[in-house]
Every structure is written in C-alpha cells, then in structure tokens.
Amino acid sequence: MDRVTIHCPELGAASAQSQNVRGDTMSRLKFLAVTVLLSCVSAASQAQQTPTNKGEYLARAGDCVACHSAKGGKAFAGGLAMGTPMGTIYTTNITPDPDTGIGNYSLEDFDRAVRSGVAKDGHHLYPAMPYPSYAKISDDDLKELYTFFMKSVPAVKQPNKPNEIPWYLSPRWPLAFWNLVFAPKTGFAPRQDHDATWNRGAYLIEGLEHCGACHTPRGIAIQEKALDAGSASYLAGAELDAWSAPNLRGDLRTGLGAWSVEELQAFLKSGHNDRGVAFGSMLDVVNNSTPYLTDDDTKAMSVFLKSLPATADQPQFAYDDSTAKSLQSGNPQKAGADTYLGACAACHGADGKGQPPFMPPLAGNPAVLDADPSSLINLVLNGAEPLVVKGVPDAYRMPQFRIQMNDEHIADVLSFVRSAWGNNADAVSTDQVKKLRPATDPSSDEVIVLKMR
Ligand code: HEC
Ligand code: HEC
Ligand code: HEC
C-alpha cells in the first residue's frame, strides 16, 4: 500500500487561532492536537467521514492522535506533555520513522507496547499510555492497527523529548511490579449472558475507547479501580486535570439513568443532545473519535453503557417551576440569582431549560448535579473550547467569566444553579473556586499539565 501524502497548510492558522482560545494550556495543546488531526489525518481520507481503512478506523476508536500529537506538531509525532504524580512525561513519536519513531517495530514489538506497555528496548511504559485498556484489543484489530501505522501514516523525523522525572523516581522497574498487580492478564472475553451488540459495545468502551481512563476512579497506585463492567466502580466518575468526568452508570440524577439509548448515541455522534453538550476533556473524545464510528458501533456502545446499574438509589429529577417564577418576578430570593439573570439566563433561560441541543439545559443535567463541581468552576472561569464534529465547528460557545467575576460571584452563581429548578447538588465554596482559578489560568506557567489518565 502506498504511503498517503498529507499536506497541512492549516497548521499556521491553527496556531494563530489558539491565541484566542481560553482554557488551560494543556487544553489549548489538546485543541491544537485536534486541529492537527483534523487537518492532517482527515485530509488523508479526503472528507472527514468514517474511515474506510480498517486500521485508521481503529486508530480513531483508540483516539491515538489526541495524545500522540502536540501543539503545532504533526499528527502522531508525539511531544504532548502529560503530568503524572512523579513528574512530566512526553508522549512519543509513533510515526513509522525508523530513527525517531516506531519504524523498526515488528508486529510483535508493537503488540508488546500497545497491549502490555513494554517498549521495543524493553523499558516499561508509564500507564499514561492506556495499555491496561488496550489489552482488550483483539489480535486481528491489533494487526490492522499495525498495518495502518506502518503503511498509511507519514513518517515524521522528530526525536522524543526526555521525561522530566526526578532521578530518584525515574527507574522504570517498579512499573513491572505495577503491571504484575494491576495490568489485566487476559484479553477481552465476550460475556455469554449478553448479546452480540452489548459485547461489541463492551469491547469498544472497555478496550480501544478507554473511557474508563477518565471516568473510572483511581486507587492509591493511580490504577483504575476497575477495568470492566463487572465492578460497581467502573465508570463511576473521577476528577482529572481540573475537570470532573461524571458517573456514566444508571444513577438517575448524577449518572445517565435518565438518558435513553438514542440520546446517548446522539451525544457520542455529535457532542450534544437535548440534555447536555460535551466540553472540557470530553472534547478530546468527541472531536477526534466517537463521531467517526459507524452508527452500529455508537449504538452498541450506548446499549452497553445503559446496562450499567446505578451505584446509588436516587429519586428521578422532578422539575420545580418556583425558581423560574421567582426570577421572572424580579425578586429573586437566593444569592447568585441576580448574577444568573444578568450573565447566564440569556442563553440557559430563566427556566434553566436552555435551548437544546445547542444551549444545554442546566435543570436536571447530570454534569450540573455532579458531586464534584470542578468541571463547572473550570467552565465558568475559562469558557468552553470549540466542539468540532468531523471538521465542522459548533456555532455556540460558553463564554469565559474569569475577568468579570470574582471567586465569590462564581461560587454563588454555581451554588444557585445547583439548587434551582429542582436541582439538589451541594453548594460550591469560594475556596473551591480560589483553588482552580490559578491552576487553570491560561496565562500562568503553573497551570496543571495533563494528569495520568
Ligand atoms: C491517553 C494518552 C495516550 C493514548 C490515547 C495513546 N497513547 Fe501511546 N503512549 C502514551 C504515552 C504517555 C506514551 C509514553 C509512555 C512512556 O514514556 O512511558 C505512549 C507510548 C506508546 C508507544 C511506545 C512508543 C515508544 O516510542 O516507545 C506506542 C507504540 C504507542 N504509545 C502506541 C499507541 C497507539 C497505537 C495508540 C492508539 C491505539 C496510543 N498509543 C494511544 C499515551 C497515549
Ligand atoms: C452566550 C451564551 C451563554 C452564556 C451567556 C452562558 N452559557 Fe453556559 N453554555 C453555553 C453553551 C453553548 C454551552 C455548551 C458548551 C459549549 O459548547 O460551549 C454551555 C454550557 C454550560 C454548562 C455545562 C452544561 C452541560 O451540558 O453539561 C454549564 C454548567 C453552564 N454553561 C453554566 C453557565 C453559567 C453559570 C453561566 C453564567 C455565569 C453561563 N453558563 C453563561 C452558552 C452560554
Ligand atoms: C480525556 C478524558 C475523557 C475520556 C477519555 C472520556 N470522557 Fe466522557 N467526559 C469527560 C469529561 C471531563 C466530561 C464532563 C464534561 C461534559 O459533560 O462533556 C465527560 C462527559 C461525558 C458524558 C456526559 C455526561 C453528563 O453527565 O453530562 C458522556 C455521556 C461521556 N462523557 C461518555 C464518554 C464515553 C462513552 C467515553 C469513551 C468513548 C468517554 N466519555 C471518554 C472526560 C472524558
């Protein structure tokens, strides 16, 4: 097969555009990674449609490009900084360049790196590379992926950046023990008590799509507490990089219990539905991966997710119209209500129902009811970055309020939102906002880097 020649004239424009994008530095890097991908990889397939090359399709499902590309860089050439509890590490060049990339990897070498976390020279990879999930990739799919990287990805000569981990923490041998304890010993085994659709969804979600890397809580050794549907911790929600990836289980208020399979599928295909819009690090997934999958695959993933039982017995959300009446009477009772009317209601409505599917409702929205308010604080401080579905950016954007609002105002308006229209989540404290303000400041050099995921 011939190597595809890819031209990326949009790269310069993408860098210029990023200056105007609000968000933490890493998010901007990720945004660029997205742009690079959109301008490069999809150029290879001409239109940004579902890839017909099987290996490219699998690379989309694995979202390899979101991590293995950096600001202003070439797709798959690596260089993205990721924070780990030990220090910053950089993703590597996985283009087929023999000197700086993986051009010398045999299929066996590639297999060992992707499914077992061991590089060609024998060193153990940090689990920031989601090999505990990729261990579920089938032999056939692994071969297709290998062929895609060797034959269709253009080679880029770009040396890997050395990791910034203090010498006393840098020996990689403890990772061998980590693997012994936490890495899965077997691949994906279809569950006999479920049908083929469910099993296809499980294969994608637990494996290539590595949804648990963000949505499953981590234990003391930063291992995901569960890697499959067999445990109640699986996809139960977790915080990372100052975003909270919410519970995706059947919980009626803080999970996806109230979403239908169709609504879930619409969210994966387009980043929005009548109940919410993707933002924060979920954009990595929607901008690069899930919309490129076939309808059968997004359906299977949705069926699988909808089968995950709730972790808590929650009453169904019931809309309460007294908030809207009080706001409309011009005599709002609660702190934050004035701010909401002045700064938020134009888009999200005095009734909290938004204008779906583009202006999300805040009433009964699981992301708003999330016990961890990190995503909400981060979003109000910094606004949202572009949702770009198959190359087409969304027209509506959540603005940033970092300059207009102090910590107390943000805490008040979010506490109001979390208690209005029948919402019943805990108040947000000024201290919580104070902590996230510097950590997510785009102009600070102390911004958090992408954490272990
Ligand atoms: C969540 C981020 C993330 C995703 C997604 C990801 N990787 Fe990685 N990958 C990494 C990091 C970080 C490293 C380097 C780890 C280290 O240095 O210990 C790495 C290392 C590798 C290596 C070893 C390369 C070398 O030079 O030693 C290969 C091969 C690889 N990844 C392939 C893939 C493929 C194929 C996919 C998609 C199916 C993928 N990765 C998706 C983060 C990621
Ligand atoms: C100009 C219109 C606009 C204004 C004003 C606005 N928002 Fe938003 N908001 C959006 C859009 C659009 C999204 C969806 C994310 C995106 O793609 O930008 C959103 C998303 C959100 C979300 C996440 C909802 C979800 O789907 O999970 C919350 C919470 C939120 N806004 C709260 C607020 C608050 C609080 C204010 C006032 C301080 C506010 N918004 C002001 C347009 C707006
Ligand atoms: C890189 C981290 C990351 C990965 C990987 C990830 N997510 Fe998310 N996800 C988030 C964050 C952060 C949010 C909260 C922001 C939002 O609502 O869009 C979120 C939100 C969601 C929501 C909306 C939930 C709600 O309550 O509004 C759904 C559904 C979802 N993710 C499904 C998935 C699925 C399915 C996968 C795997 C295909 C996945 N996510 C992979 C970070 C991630």
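**Note on the predicted model**

1. The buried residues of α9 pack against α3, α6 (131-134), α10 and α13 (295-306). Those buried residues are Gly201, Ala202, Tyr203, Leu204, Ile205, Glu206, Gly207 and Leu208. The model is a predicted one, and what follows should be read with that in mind.

2. The length of α9 can be checked against its residue count. Helix α9 covers residues 196-208, which is 13 residues, so at 1.5 Å a residue a span of 18 Å is expected; the C-alpha atoms at its ends lie 17 Å apart, in agreement. After α9 comes His210, with a positive phi near 35 degrees.

3. On the chain as a whole: it has 453 residues, of which 49% are buried. Its secondary structure amounts to 20 helices and 8 strands. Among contacts with a separation of 6 or more, 66% are between residues 24 or more positions apart.

4. On confidence: the mean pLDDT of the chain is 86, and 87% of the residues reach 70 or more. Residues 1-47 have a pLDDT below 50, and this stretch makes 90 contacts in the model beyond near neighbours in sequence. Where pLDDT is low, the predicted coordinates should not be read in detail.

5. The second helix to check is α19, residues 407-419. Its 13 residues should span 18 Å at 1.5 Å a residue, and because the end C-alpha atoms are 18 Å apart, the model agrees with the expectation. The buried residues of α19 are Ile410, Ala411, Asp412, Val413, Leu414, Ser415, Phe416, Val417 and Arg418. They pack against α15 (337-343), α17 (366-369), α18 (374-382) and α20 (430-439). Just after α19, Trp421 has a positive phi of about 55 degrees.

6. Strands β1 (residues 81-84) and β2 (residues 87-90) run antiparallel and are joined by 4 bridges. The connection between β1 and β2 is a hairpin of 2 residues. Thr84 has Gly87 of β2 as its bridge partner, and Met82 stands opposite Ile89 in β2. In a regular strand the side chains alternate between the two faces of the sheet.

7. Thr91 lies in the loop between β2 and α5. Is Thr91 buried or exposed? The cut-off for burial is 20 or more other C-beta atoms within 10 Å; Thr91 has 24 such neighbours, so Thr91 counts as buried. Apart from neighbours within four places in sequence, the contacts of Thr91 are Cys67, His68, Gly78, Gly79, Leu80 and Met82. Thr91 and Ala128 are 37 residues apart along the chain, and their C-alpha atoms are separated by 8.9 Å.

8. Ligand 1 is surrounded by 24 residues, the closest being Gly62, Cys64, Cys67, Thr92 and Met129. Two or more residues of this shell come from each of α3 (54-62), α4 (64-67) and α5 (107-116). The shell around ligand 1 is made up of 18 nonpolar, 4 polar and 2 charged residues.

9. Around ligand 2 there are 28 residues, and those that come nearest are Cys344, Cys347, Pro360, Ala384 and Met398. The elements giving two or more residues to this shell are β6 (276-277), α16 (345-348), α17, α18 and α19. By class, the residues around ligand 2 are 23 nonpolar, 3 polar and 2 charged. Helix α19 thus appears twice in this note: as a contributor to the shell around ligand 2, and as a helix whose buried residues pack against neighbours that include α17 and α18.

10. Which residues are closest to ligand 3? They are Cys211, Cys214, Ala245, Met282 and Pro366, out of 26 residues that surround the ligand. At least two residues of the shell are supplied by each of α10 (212-215), β4 (243-245), α12 (282-288) and α17. The shell around ligand 3 holds 16 nonpolar, 7 polar and 3 charged residues. Helix α10 is also among the elements against which the buried residues of α9 pack.

How values were computed:
Residues numbered from 1 in each chain as written. Chains lettered and ligands numbered in written order. Predicted model: local features only at pLDDT ≥ 70, side-chain atom pairs only at ≥ 80, totals over all residues. Expected span 1.5 Å × (residues − 1). Buried ≥ 20, exposed ≤ 12 C-beta atoms within 10 Å, placed from the backbone. Contact = placed C-beta atoms within 7 Å. Near = placed C-beta within 6 Å. Nonpolar A, V, L, I, M, F, W, Y, C, P; charged D, E, K, R; others polar. Pairing = 2+ DSSP bridges. pLDDT = per-residue confidence, 0-100.
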